[in-house]
Amino acid sequence: MSIGQFCIRDTVIVKKGDTIVEAAKVMRQHHVGSVVVVEESEHGCKPVGILTDRDLVVEILAEEVAPEAVTVGDVMSFELVTAREQDGLWETLQRMRASGVRRIPVVDDRGVLAGIVSADDYLEILSAELGELAKLLGREQGREERTRGA
């Protein structure tokens, strides 16, 4: 299974030149804790960073920086880790773990943003798969018990 099958396609984005206040409003409007920072290209939006609610608290509020004087590009994470749509679930999870990130933008073959996947998304995927496995095992156990009882 590829990560492209599971990523969230409706990705909330901002641009590097947007102010922190604008980004915070977008995060609030969409009820998300992070946004993907993009730059326009001839093929579409290419991810260049991520801005999280933690970045806003630690880098702006805790430092008592005037939010209206700061752009997304000043605060966003620059060492962006991405996954390609065709990358496997396990491969992407290992990349996230090795990089110490909780979310990873997914890009197409041209590097254009296709979606995002988070650690929470992985928990949902795994719990759904484990639930299906439990159902299958339960059916098999029932068949085995009926066969032994007959």
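**Cores, buried polar residues and a two-sided helix**

A polar contact of 3.0 Å joins the side chain of S34 to the side chain of R103. The model described here is predicted. S34 belongs to strand β2, which spans residues 34-40. Its relative accessibility is 14%. Buried means under 20%, so S34 counts as buried. Leaving out residues up to four places away in sequence, S34 touches M27, I50, L51, T52 and R103. R103 is thus a partner of S34 in both lists, through the polar contact and among the residues touched.

The largest nonpolar core has 14 residues. Within this core, V14, I20, V35, V37, L51, V72 and V75 touch the most other members. Four elements give two or more residues to the core: α1 (20-30), β2, α2 and α3 (72-75). The most comes from α1, with 3 residues. V35 shows what surrounds one of these members. With neighbours within four places in sequence set aside, V35 is in contact with V12, V14, V26, M27, G49, I50 and L51. Another core lies apart from the largest one. This other core has 11 residues, including L89, M96, I104 and Y122.

A charged residue is also buried. D55 is found in helix α2, which covers residues 53-61. D55 is buried but has no salt bridge. The nearest side chain of opposite charge is that of R54, 5.6 Å away. A salt bridge needs a side-chain nitrogen of Lys or Arg within 4 Å of a carboxyl oxygen of Asp or Glu. Residues up to four places away in sequence not counted, D55 touches I50, I60 and V75. V75 is also one of the residues that touch the most other members of the largest nonpolar core.

Helix α4 runs over residues 89-99. Its buried residues are L89, T92 and M96. These cover an arc of only 70° around the axis, which puts them on the same side of α4. An α-helix has 3.6 residues a turn, so residues three or four places apart point the same way. On the other side of α4, W90, R97 and A98 are exposed. Two of the buried residues, L89 and M96, are among the members of the 11-residue core. G100 follows α4. The phi of G100 is positive, near 70°.

Conventions:
Residues are numbered from 1 along each chain as its sequence is written. This is a predicted model: local features need pLDDT of at least 70, side-chain atom pairs count only at pLDDT 80 or more; totals for chains, interfaces and linings use all residues. Side-chain values use heavy atoms; hydrogens and water are left out. Buried means under 20% relative accessible area, exposed over 50%, partly exposed in between (1.4 Å probe, protein chains only). The arc is that of the directions from the helix axis to the C-beta atoms. Lys and Arg count as positive and Asp and Glu as negative; His and the chain ends are not counted. Contact means heavy atoms within 4.5 Å. A polar contact is a pair of N or O atoms within 3.5 Å; within protein, one must be able to donate a hydrogen and the other to accept it, and residues adjacent in sequence count only if both atoms are side-chain atoms. A nonpolar core is a set of buried Ala, Val, Leu, Ile, Met, Phe, Trp, Tyr and Cys residues joined through side-chain atoms within 4.5 Å.
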